[in-house]
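Please open the structure in a viewer and keep the sequence at hand. The tour proceeds by selection, stop by stop.

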Amino acid sequence: MVKISVIGAGMVGATAVQRLAEFELGDIAMIDVVEGLPQGKALDMLESASLCDFDVDVLGSNDYSDIEGSDVVVVTAGVARKPDMTREDLIGINSNIVKDVCSHVALHASGAVVLVVTNPLDIMTYAALKYTGFEHQRVFGMSGVLDSARFSYFVAAELNCSVRDVYAMVLGGHGDTMVESIVRDTRRILPACAYLSGEYGQKDVYLGVPVKLGRRGVLEVIELELRDETKAALAQSADSVRDGVKKLNLCL
Ligand SMILES: NC(=O)c1ccc[n+]([C@@H]2O[C@H](COP(=O)([O-])OP(=O)(O)OC[C@H]3O[C@@H](n4cnc5c(N)ncnc54)[C@H](O)[C@@H]3O)[C@@H](O)[C@H]2O)c1
């Protein structure tokens, strides 16, 4: 059985665990620093198993040793930006949380694929790469699938057609299907926040691009032919992510 660990039992983490359980993608460990929180949420989910028709294990814990041997670790721990918070404040707070989480992941789940959700996504994914010390193919972020789904909704609403018939892919800085593609090794091509080493003319930066996703992480970055203005917009997005990474370095 595949083992998936979700770090952070807040809104995003707990929802992800519920979906992972319903799709029976593996046994799940949900970790949070707040005592009793992941345990309570895990119990609620297990109690709904017969109604929701799933049969996997969901463990809630405050102890990182429970992520031992995970195949996939999803990092949702962090705070959402509050109105009085600057982007720099958010980078400082969340990079410390990601650093803490990654030290445990490197210790207990050194063979895992790491999927980062914590914002600011492209910068936190870069931080996770540095703090885990894993190869870049195993560290990537979730944003493009959600952004593309949102975009499809707006296009469908504007055209007054079914969202099922709109196919969109959002590129650049900042899903559910991702998780499935990794765990089941289906090698779907999906937008993800991936490390670029020359693709799209960009190096040493994380950006939302189409990738082939499988059990070992990012198997390939797919290079689309872009119009000049799209290329320029992507380069601008990469510069803005690099700016954020510089701020991250200042926070270390
Ligand atoms: N990438 C995306 O598309 C996307 C979408 C939505 C939210 N987010 C981001 O995801 C993050 C989580 O959002 P949320 O709504 O779930 O927030 P939340 O506040 O509901 O939950 C965050 C949880 O992280 C926990 N936590 C903090 N430090 C921890 C640590 N060191 N170890 C383990 N757990 C720790 C907190 O106790 C809390 O339960 C935020 O940064 C948010 O901006 C990203």
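Which backbone oxygen does the side chain of Thr118 reach at 3.3 Å? Select Thr118 to find out; please bear in mind throughout that this is a predicted model.

**First stop: Thr118 and the loop around it**

The side chain of Thr118 reaches the backbone oxygen of Val75, at 3.3 Å. Add Ala77 to the selection as well, for the Thr118 side chain also reaches the backbone oxygen of Ala77, here at 2.7 Å. Thr118 itself belongs to the loop between β5 (113-116) and α5 (121-132). Is Thr118 buried or exposed? With a relative accessibility of 5%, Thr118 counts as buried, because that value falls under 20%.

Remain in this loop and select Asn119 together with Pro120. The peptide bond that runs from Asn119 to Pro120 is cis, and its omega is near -5°. Pro120 is placed in the loop between β5 and α5.

**Second stop: the ligand**

Select the ligand next, and display the residues around it. Which residues come nearest? Among the 26 residues around the ligand, these are Met11, Val12, Asp32, Tyr64 and Met142.

Three backbone contacts deserve a view of their own. Begin at Val12, where a polar backbone atom lies 2.8 Å from an oxygen atom of the ligand. Turn then to Val79: a backbone N or O atom of this residue is 3.2 Å from an oxygen atom of the ligand. Finish at Met142, where a polar backbone atom is 2.9 Å from a nitrogen atom of the ligand. On its own, the ligand has 870 Å² of accessible area, and the protein covers 80% of it.

Now colour the shell by element. Two elements give two or more residues to the shell around the ligand, namely α1 (11-22) and α4 (87-108). Of the elements, α4 gives the most, with 4 residues. Colouring by class instead, the viewer should separate 16 nonpolar, 8 polar and 2 charged residues in the shell.

**Third stop: salt bridges**

How many salt bridges does the count come to? The count comes to 9 salt bridges, and three of them are visited here, beginning with Arg215.

Select Arg215 and Asp71. These two residues form a salt bridge in which the closest N and O atoms are 3.9 Å apart. Arg215 is partly exposed, at 30% relative accessibility. Asp71 is likewise classed as partly exposed, with a relative accessible area of 26%.

Move on to Arg227 and Glu229. The closest N and O atoms of this salt bridge are 3.8 Å apart. Both Arg227 and Glu229 are exposed.

The last pair is Arg242 and Asp239, a salt bridge whose closest N and O atoms are 3.4 Å apart. Display helix α8 (residues 228-251) as a ribbon: because Arg242 and Asp239 are 3 residues apart in this helix, about one helical turn separates them. Arg242 is partly exposed at 27% relative accessibility, and Asp239 is partly exposed with a relative accessible area of 46%.

**Fourth stop: a nonpolar surface patch**

Switch to a surface display and select Tyr153, Phe154 and Val163. Together these residues make a nonpolar surface patch of about 340 Å². Val163 is located in the loop between α6 (144-159) and α7 (176-183). The relative accessible area of Val163 is 43%, so Val163 counts as partly exposed.

**Fifth stop: two residues with positive phi**

Return to the backbone display and select Asn160, which lies in the loop between α6 and α7. Asn160 has a positive phi of about 55°, although it is not a glycine. Is Asn160 buried or exposed? Asn160 is exposed, because its relative accessible area of 71% is over 50%.

For the final selection, choose Arg187. This residue is found in the loop between α7 and β7 (188-197). Its phi is positive, at about 60°, although Arg187 is not a glycine. The relative accessible area of Arg187 is 46%, and Arg187 is therefore partly exposed.

Note on methods. Residues numbered from 1 in each chain as written. Predicted model: local features only at pLDDT ≥ 70, side-chain atom pairs only at ≥ 80, totals over all residues. Heavy atoms only, no water. Near = heavy atom within 4 Å. Polar contact = N/O pair within 3.5 Å; in protein donor to acceptor, adjacent residues only side chain to side chain. Areas by Shrake-Rupley, 256 points an atom, 1.4 Å probe, with all protein chains shown as cover. Nonpolar A, V, L, I, M, F, W, Y, C, P; charged D, E, K, R; others polar. Salt bridge = Lys/Arg side-chain N within 4 Å of Asp/Glu carboxyl O. Buried < 20%, exposed > 50% of the residue type's maximum accessible area, 1.4 Å probe, protein only. Patch = residues over 30% accessible without salt bridge, like charges linked within 9 Å, V, L, I, M, F, W, Y side chains within 5 Å.
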